[in-house]
Amino acid sequence: MPQDRSAAIVERTADSIVANYGRQPLALVRGEGLHVWDADGNRYLDFAGGIATTVLGHCHPRVVAALEAQAHTLWHVSNLYHTAPPVELAERLCAHSFAERVFFCNSGGEANEAALKLARRYQRDAGWDRFEIVVFDRGFHGRSLFTLSATANPAYQRGFEPLVPGIREARFGDLDSVDAAIGPHTAAVLVEPVQGEGGVRPASREFLEGLRERCDASDCLLIFDEVQCGMGRTGELFAYQHYGVVPDVMTLAKALGNGIPIGAMLTTASIGGALVPGTHGSTFGGNLLAAASAVAVLDELTEGGVLAHSLRVAEQLENGLESLARNLGDRVAELRGLGLLRGIQVRGEAGKVVDAAREEGLLVISAGADVVRLAPALTVSEEQIEEALPILERALQRA
Ligand SMILES: Cc1ncc(COP(=O)(O)O)c(C=O)c1O
C-alpha cells in the first residue's frame with residue numbers, strides 16, 4: 001500500500017472538521033482485538049483503547065453479533081414507546097450493582113449532566129434549598145456547561161464563562177477540604193473513584209468512606225462518576241465494588257458499549273423517582289443498537305471470565321512497569337492505577353513518550369501533561385503485555 005493514505009486523511013481532516021482535538025498524525029481504518037491498522041496498512045498494538053472504551057477489544061465477535069442482530073430488527077423508535085433492549089440492559093445493570101433504576105443517554109457528559117440535574121431536582125422535591133455540587137481538583141466530568149462547570153480545571157473552562165453557579169471545589173483525598181465545602185446548600189458530592197483525565201489517581205478507601213459518611217450526615221447525594229473507571233477497569237465490574245463504598249448515583253459510558261455510544265445514570269428507586277415525565281430526556285437515550293451492544297458487553301464481562309483474566313494480566317503489567325521504572329532511574333516519578341487503568345508519571349512531557357511509542361507501533365495516551373496512561377482492553381494477552389513493555393521502556397528512554 002502507498003504510504004500516503006494516512007497523510008491524505010490527516011490533511012482532509014484539517015480542511016473539513018473543526019480543529020477542537022489535538023489528534024495524533026495517524027488515520028486508523030480497521031481494528032481487531034488489541035490491534036488497529038492505519039490507512040497505509042501499518043499495525044499498532046492498542047493500549048489506548050479509544051480512551052478506556054474498547055474494554056473487550058475491537059470488533060469483539062459477541063458485540064458484533066448483537067449489533068448485527070439488532071440492526072436487522074429495529075434501530076430507533078424513541079422513548080415514546082417501550083422497547084426490550086434497554087429494559088434488558090437496565091435489568092442487568094441493576095442485578096449487578098446497588099442500583100434500582102437507570103436513565104440512558106449517549107455519553108459520559110450526558111450521564112453526569114443527568115446526575116447533577118437529578119441531585120438538584122431530588123433535593124428541591126424534598127423541600128430543601130440544596131443546589132450546590134461539591135467537586136474535586138483534577139476531576140473531569142464532561143463538556144456540557146453544567147459538567148464543564150463541575151470540572152474544576154480553568155484550562156477547559158476558559159472562555160465559556162459565565163459557568164453554572166453553585167459549584168464548590170474541594171481537594172481530592174482531603175476530607176478537611178470537603179468539610180469546608182459541604183454546607184446547608186449542598187445537593188451532592190461528585191467524585192471519580194479513580195480520576196482518569198486528571199492523571200490516573202485512585203482515591204483511597206478512607207477518602208471515599210469519609211465522603212459517604214459526610215453525605216449521610218448532611219443529607220446530600222454521593223455521585224460516583226465511573227465513566228472511565230467503571231465497567232471492569234479496576235478488576236471489579238464497578239469501581240465502587242473495589243472500594244466497598246456504595247454511592248447514591250453512579251454514571252457510566254465509555255466501555256458500556258465497547259465503543260458504541262451509550263451512557264447511563266444508575267440510582268435507587270426513591271432518588272430516581274424525582275425524574276417524573278417531562279423533567280429530563282434524550283431522543284437517542286436507550287437507542288436499540290447501543291442497548292443491544294451493551295447487553296452483550298455486560299454479559300461477556302460477567303460470564304466470560306474476562307474480569308479474572310484482567311486482574312491476572314494487570315498484575316503482570318504492574319510488575320513490568322515497576323521493573324521498567326527501576327531500569328529508568330529518575331525518569332519515572334510515580335506509577336499509579338488500578339486494574340488495567342495505569343498511569344506513569346514521568347519527569348518530562350508525556351506527549352513525547354506517546355509519540356515515541358507510536359513510532360514503534362504501540363498506542364498509549366497521556367492524562368495531563370506528564371502522565372502516560374495505559375488502558376488496554378481487558379482481553380489483552382500476556383504476550384501483548386510482554387510486547388508492549390520494552391517498547392514503552394525505549395520510548396521513555398528516547399523521548
Ligand atoms: C470520568 C469521566 N467523566 C465524564 C467524561 C465525559 O465523557 P464523554 O466524553 O463521553 O462525554 C469522561 C471522558 O473522558 C470521563 O473520563
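Q: Which helix gives the most to the shell around the ligand?
A: This is a predicted model, in which local features need pLDDT of at least 70, side-chain atom pairs count only at pLDDT 80 or more, and totals for chains, interfaces and linings use all residues. Residues are numbered from 1 along each chain as its sequence is written, and side-chain values use heavy atoms, without hydrogens and water. Helices are DSSP runs (H or I, at least four residues), numbered from the N terminus. With three residues in the shell, the helix that gives the most is α5 (residues 108-125).

Q: How many residues surround the ligand?
A: A residue counts as near if one of its heavy atoms lies within 4 Å of the molecule. The closest are Gly-108, Gly-109, Glu-192, Asp-225 and Gln-228. The number of surrounding residues is 13.

Q: What is the distance from an oxygen atom of the ligand to a polar backbone atom of Gly-109?
A: A polar contact to the ligand is a pair of N or O atoms within 3.5 Å. A side-chain N or O atom of Lys-254 is 3.3 Å from a ligand oxygen, and a backbone N or O atom of Phe-140 is 3.3 Å from a ligand nitrogen. For Gly-109, the distance is 2.7 Å.

Q: How much of the ligand's accessible area does the protein cover?
A: Accessible areas come from the Shrake-Rupley method with a 1.4 Å probe. On its own, the ligand has 390 Å². The protein covers 80%.

Q: Why is α14 called oblique to α15?
A: The axes, lines fitted to C-alpha atoms over the stretch in contact with angles from 0 to 180 degrees between N-to-C directions, come within 8 Å and cross at roughly 130 degrees. Angles under 35 degrees count as roughly parallel, over 145 as roughly antiparallel and 65 to 115 as roughly perpendicular, with the rest oblique. The crossing angle therefore makes α14, relative to α15, oblique.

Methods: Polar contact = N/O pair within 3.5 Å; in protein donor to acceptor, adjacent residues only side chain to side chain. Helix = DSSP H or I, 4+ residues; strand = E, 2+ residues; numbered from the N terminus.
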